[in-house]
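Colleague: Before we turn to details, I should like each term set against its cut-off. Please begin with the one on which most of my questions will rest.

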Amino acid sequence: MKYRHYIRKGIVLVCVCLALTACDDWLNVQPKSQIEDSELFKSETGFKEALSGVYSSMVSNGTYARELTYGAIGIMGQEWTTYPTYQYGPSYQHIVEYDYSTSASESMIASIWSTSYNSIANANNILKRIDAAQKLFTGNNYDIIKGEALALRAFLHFDLLRCFGVSYAVNPNMPAIPYCTDLTYRVFPQLTVKQVAEKVEADLLEAEKLLAVDPILTGEEVSELDDNGYLINRQVHLNYYAVKGLQARVYMWMQRYADAERCAETVIESNAFEWVDSDNMSNEIDLAFATEQLFALHNINLSTLSEACFNPKGGSQTFSISEGIWNDYYTDGGDIRYVCLGQAGTDGSNMQERYLKKYNPSGSEDRYYADKMPLIRLSEMYLIKTECEYRTGNANAYEAWNELRANRKESLLKSNPADFYDELIKEYRREFLGEGQLFFLYKRLNSAIVKGSIVDVIAEKAYTFPLPMSETDVAQRETNR
């Protein structure tokens with residue numbers, strides 16, 4: 001991987017805060033300018049701005065503001081029946097069939113690659129400079145900022161691995177991607193799936209140690225008077241419990257189920273996250289499960305996204321689900337996700353479509369609920385725990401699953417389902433619609449068919465994106481599929 005695509009003579013693009021006077025000012029970051037490293041990293045504030053820049057760079061249409069949530073990855077999970085197919089803008093008419101050879105597909109895949117490695121480059125710039133500047137930091141900010149930067153590097157590499165590396169179930173020794181750990185022009189070697197996963201694990205273990213001082217773990221109360229409120233709103237940072245949740249996700253990928261269960265239980269037993277209040281969902285205060293989010297991105301353009309992509313009036317940019325398939329998602333009419341998250345089309349031509357309300361603006365004036373795109377949630381920890389217990393032959397594995405179902409007002413299981421994985425996939429469809437996790441579950445399980453498609457995704461090697469042409473031309477990488 002050549003970083004020359006992302007750095008120019010020591011200048012790294014960072015998203016600078018609009019102001020530094022209150023807690024939310026660290027969230028409402030916008031690309032303002034390019035700052036010389038020599039100036040940016042002369043102060044603790046500069047490191048904070050650089051870290052905010054990494055988070056802000058992830059709010060990109062090429063990654064988590066579209067393609068790695070409801071966009072390309074959602075399309076590949078067959079989550080939508082209607083989606084953009086127009087010429088001037090994102091077109092998914094080929095990627096839905098797992099055809100990665102068209103110019104539209106190649107451009108989309110290249111964007112996921114380049115945008116993610118750009119964010120990694122910025123995280124590495126922080127990590128390259130923070131140890132020498134340790135004396136600049138007050139309180140626990142050195143440990144927390146370094147811990148978050150390491151966790152972000154791991155998070156981004158892991159999602160690249162899930163896109164561009166084969167599943168462990170296929171071949172953990174298959175060549176995958178480079179793991180970039182420095183800000184340099186040199187080419188990083190292409191590592192195997194197993195080697196990348198191990199590097200992700202190592203970064204997360206170091207991040208976990210550093211984040212032992214995280215207020216979300218220690219219980220330290222933080223106000224806006226403390227360091228301008230920098231350590232408030234830990235759910236929109238890769239905090240201690242988000243690291244544990246990510247570890248659980250990574251260990252599931254690595255087929256280390258005991259470790260995955262242990263990490264998931266750490267999150268569950270912390271009681272740091274509350275199940276969504278059903279009244280708050282009914283009143284459209286909390287449709288994105290804000291109280292359950294271990295980690296979310298703060299996207300100040302979320303209302304614009306919702307208006308463009310999930311508008312019940314329809315339009316060329318919208319994503320929707322047919323009424324028949326929407327009803328097929330659910331077995332219980334009282335399920336709060338069924339009741340609250342789908343909106344019928346309002347135009348005569350699309351009244352049989354259902355439009356996701358998860359990203360609609362909150363009906364509350366409380367800023368806690370505003371502009372959050374969930375990336376890791378509490379419910380995933382319960383499903384991981386359930387699956388791990390099922391894999392060990394626990395006849396009561398369904399009990400952890402029932403914790404989720406009860407809080408969704410879904411009928412409870414009385415035993416482990418005979419068709420356990422079919423039911424698990426259905427639960428992921430209901431729970432993580434528009435969040436990008438369903439396709440990766442199919443991939444981890446190495447399912448031959450993604451429901452809604454007739455393509456044999458294993459035979460077509462469709463679970464793995466080909467490396468971008470620019471990468472193979474420049475670095476002469478081995479095949480990753």
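Modeller: A residue is called buried when its relative accessible area is under 20%, exposed when it is over 50%, and partly exposed in between, with a 1.4 Å probe and protein chains only. The model is predicted: local features need pLDDT of at least 70 and side-chain atom pairs pLDDT 80 or more, while totals for chains, interfaces and linings use all residues. Residues are numbered from 1 along each chain as its sequence is written, and side-chain values use heavy atoms, without hydrogens and water.

Colleague: Why is Trp-80 called buried?

Modeller: The relative accessibility of Trp-80 is 5%, so Trp-80 counts as buried. Phe-319 has a relative accessible area of 1% and is therefore buried as well.

Colleague: What makes the rings of Trp-80 and Phe-319 a pair, and of which kind?

Modeller: Rings of Phe, Tyr and Trp (for Trp, the six-membered ring) pair if their centres lie within 6.5 Å; planes under 30 degrees apart are stacked, those over 60 edge-to-face, and the rest tilted. The search of the whole structure gives 35 aromatic pairs. For Trp-80 and Phe-319 the centres are 5.9 Å apart and the planes stand at 65°, so this pair is edge-to-face.

Colleague: How do you know that this pair ties together distant parts of the sequence?

Modeller: Helices and strands here are DSSP runs numbered from the N terminus (H or I of at least four residues for a helix, E of at least two for a strand). Trp-80 belongs to the loop between H3 and H4, and Phe-319 to the loop between helix H11 (302-309) and strand S6 (321-322), so the parts that are tied together are 239 residues apart in sequence. Both residues also belong to one aromatic cluster, together with Tyr-70, Tyr-92, Phe-310 and Tyr-359.

Colleague: Why is the pair of Phe-439 and Tyr-463 called tilted?

Modeller: The ring centres of Phe-439 and Tyr-463 are 5.5 Å apart and the planes are at 50°, so the pair is tilted. Phe-439 lies in helix H17 and Tyr-463 in the loop between H17 and helix H18 (469-475), so the parts joined are 24 residues apart in sequence. Phe-439 is buried because its relative accessibility is 2%, and Tyr-463 is buried because its relative accessible area is 6%.

Colleague: What makes helix H17 largely enclosed?

Modeller: Of the 8 residues of helix H17 (residues 438-445), 7 are buried, so the helix is largely enclosed by the rest of the structure. The buried ones are Leu-438, Phe-439, Phe-440, Leu-441, Tyr-442, Lys-443 and Arg-444. They pack against H3, helix H5 (141-164), helix H8 (240-253), helix H14 (378-391) and helix H16 (420-431). After H17 comes Asn-446, with a positive phi near 55°.

Colleague: What makes the phi of Gln-78 worth remarking on?

Modeller: Most residues other than glycine have a negative phi. Gln-78 is not a glycine, yet its phi is positive, about 60°. Gln-78 is placed in the loop between helix H3 (72-76) and helix H4 (103-130), and its relative accessibility is 14%, so Gln-78 counts as buried. Phe-289, likewise not a glycine, also has a positive phi of about 60°. Phe-289 sits in the loop between helix H10 (278-282) and strand S5 (293-298), and at 0% relative accessibility Phe-289 is therefore buried.

Colleague: Which residues is Asn-141 in contact with, leaving aside its neighbours within four places in sequence?

Modeller: Contact means heavy atoms within 4.5 Å. With those neighbours left aside, Asn-141 is in contact with Glu-44, Lys-48, Asp-227, Tyr-230 and Leu-231. Asn-141 lies in helix H5, and its relative accessibility is 3%, so Asn-141 counts as buried.

Colleague: How do you know that Lys-48 lies over the face of Tyr-230?

Modeller: A charge sits over a ring if NZ of Lys or CZ of Arg is within 6 Å of the ring centre and within 35 degrees of the ring normal. Lys-48 lies over the face of Tyr-230 at 4.7 Å from the ring centre. Lys-372 is placed in this way over the face of Tyr-368, at 3.7 Å from the ring centre.
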